[in-house]
Structure formats: C-alpha cells, structure tokens
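The exercises below concern the structure shown here. Each sets a task and then works through a solution in steps.

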Amino acid sequence: VRQALAALVNDGVLIRRRGLGTFVAPPKLEQGLTKLTSFTEDMLRRGLSPSTLVLSLSVQAAEQRIAQALWLSPGEEVIVLERLRLADDKPMALEVSHMPYRRFPDFLTAGFDLARTSLYETLRRHYNVEFARAIETLEARSALSREAELLGIASGAPLLARERTTLDRADVPLEHVRSLYRADRYRFVIEVVK
C-alpha cells in the first residue's frame with residue numbers, strides 16, 4: 001500500500017501534507033503552445049475565474065537581455081509590469097512584462113485597470129495593436145523565496161519558467177514577458193504534426 005501511494009504521489013495524483021496526511025491532488029491546468037492567448041483568455045476558456053494582483057508598474061532602463069528581445073538600445077526606457085496571476089483566487093503564475101516605453105508613452109498615466117482587464121486586450125483597444133506571433137522558451141527551475149511566498153509554495157519548489165516575445169503584424173516586438181508557473185498546478189501541451 002505504501003509503494004502504491006508513493007507511486008501515485010510521484011505521478012502527481014496524490015499529494016502529501018506533512019502532519020495532515022495524503023490527499024487527492026487538484027488537476028493540473030493544461031495550456032497549449034500553438035495559439036497566442038493571454039492568461040485571462042486561457043482561464044476563461046477553462047471556466048475558471050481569472051484575477052490579477054498588480055505588484056508594480058514602473059518605467060526602467062532596459063537591461064541587455066530585455067533590450068535585445070525588444071529591439072531597443074541597452075538602457076532605453078521600458079515599461080515594467082509585475083503581476084501575480086490567479087485562477088479561482090489561487091496563485092498560478094508570477095509575470096513580469098516589459099514593453100517599449102516609446103511605443104506606449106502614456107501607459108502609466110492612462111489609468112488602465114490592469115487588475116481587471118487583460119493586458120493584451122488593453123493594448124488592442126487603446127493602441128490598435130494587432131498581435132501576430134510570439135517566440136517562446138520553456139525551462140524548469142526552482143522557486144526563490146520571494147517567488148515561493150507570492151505563489152504559495154515552498155522555497156525551492158519546481159516552477160515552469162516561460163519567456164515570450166510577442167510581435168505585431170509588422171514583426172516588431174511589443175512585449176517581452178517572463179512568467180513563472182507553479183509546476184504542481186500547470187503543464188504545457190504541444191501538438192506535433194507530421
């Protein structure tokens with residue numbers, strides 16, 4: 001019985017909580033990687049209630065990696081938006097978005113309600129932005145203490161780290177986002193066709 005329970009824990013079907021016992025694990029949310037969607041659109045499609053906690057919104061000098069992703073000069077100004085993304089009031093992801101300040105110069109003063117409205121929808125409506133494609137990378141890593149605290153997991157717990165650069169119809173980068181998803185609640189699915 002112990003071996004069977006251990007196997008189910010390893011498969012993610014059960015979870016152990018020290019001092020409390022063994023419980024059925026909540027199902028992992030799946031996200032396909034073949035269609036460009038926002039977190040909000042994705043959660044609504046699954047019948048979940050998305051919400052966002054805006055942690056910070058500022059203008060900063062772009063570090064080398066961000067500048068390169070957005071086709072900017074190092075040190076050029078970027079809008080930095082850090083958000084905690086929730087589904088049914090449970091933390092799912094921590095996101096840091098970078099956007100070229102020169103493209104959206106009034107973004108900080110426009111009074112957008114980014115806690116209730118999708119960033120992509122905001123950019124579509126107010127800046128006539130048309131998203132065409134994105135370049136994404138995925139990797140696994142461990143949660144640092146601040147990330148773990150915000151996501152409600154243990155420090156060192158596994159995360160799915162996703163970086164995406166989204167481009168418009170003219171193939172110009174609009175946003176570079178770094179997202180950290182809870183590996184115990186999320187998985188990515190890719191359909192490969194021959």
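**Exercise 1.** Determine whether Arg124 is buried, partly exposed or exposed, and identify a salt bridge that its side chain forms with Glu121.

*Solution.* Step 1: Arg124 has a relative accessible area of 29% and is therefore partly exposed; the classes are buried under 20%, exposed over 50% and partly exposed in between, with a 1.4 Å probe and protein chains only. The model is a predicted one, in which local features need pLDDT of at least 70 and side-chain atom pairs count only at pLDDT 80 or more, while totals for chains, interfaces and linings use all residues. Residues are numbered from 1 along each chain as its sequence is written, and side-chain values use heavy atoms, with hydrogens and water left out.

Step 2: The side chain of Arg124 meets that of Glu121 in a salt bridge, 3.2 Å from N to O. A salt bridge here is a side-chain nitrogen of Lys or Arg within 4 Å of a carboxyl oxygen of Asp or Glu. Side chains of opposite charge can pair when their charged atoms come close.

Step 3: Arg124 and Glu121 are three residues apart in helix α4, so about one helical turn separates them. Helices (H or I, at least four residues) and strands (E, at least two) are DSSP runs, numbered from the N terminus. Glu121 is partly exposed, at 26% relative accessibility.

Step 4: Glu121 also meets Arg125 in a salt bridge of 3.0 Å, N to O. These two residues are four apart in α4, again about one helical turn. Arg125 counts as exposed, because its relative accessibility is 62%.

**Exercise 2.** Which residue forms a salt bridge with Glu95, and where do the two partners lie?

*Solution.* Step 1: The partner is Arg83, with the closest N and O atoms 3.1 Å apart. The pair links distant parts of the chain, since Glu95 is in strand β6 and Arg83 in strand β5, twelve residues apart.

Step 2: Glu95 is buried at 6% relative accessible area, and Arg83 is buried at 2%.

Step 3: For the whole structure, a search finds 16 salt bridges.

**Exercise 3.** Describe the largest nonpolar core and the contacts of Phe104.

*Solution.* Step 1: A nonpolar core is a set of buried Ala, Val, Leu, Ile, Met, Phe, Trp, Tyr and Cys residues joined through side-chain atoms within 4.5 Å. The largest one has 14 residues, of which Met99, Phe104, Phe107, Leu119, Leu123, Tyr127 and Val129 touch the most other members.

Step 2: β5 (77-87) and α4 (119-127) each supply at least two residues of this core. The largest share, four residues, comes from α4.

Step 3: Neighbours within four places in sequence aside, Phe104 is in contact (heavy atoms within 4.5 Å) with Ile79, Met99, Leu123, Tyr127, Val129 and Leu174.

Step 4: A second, separate core has ten residues, among them Ala148, Ile153, Leu159 and Leu180.

**Exercise 4.** Locate Asp88 and Asn128, and state the sign of phi for each.

*Solution.* Step 1: Asp88 lies in the loop between β5 and β6 (90-100). Although Asp88 is not a glycine, its phi is positive, about 50 degrees. Asp88 is partly exposed, at 37% relative accessible area.

Step 2: Asn128 lies in the loop between α4 and β7 (131-142). Asn128 is not a glycine either, yet has a positive phi of about 50 degrees. Its relative accessible area is 69%, so Asn128 is exposed.
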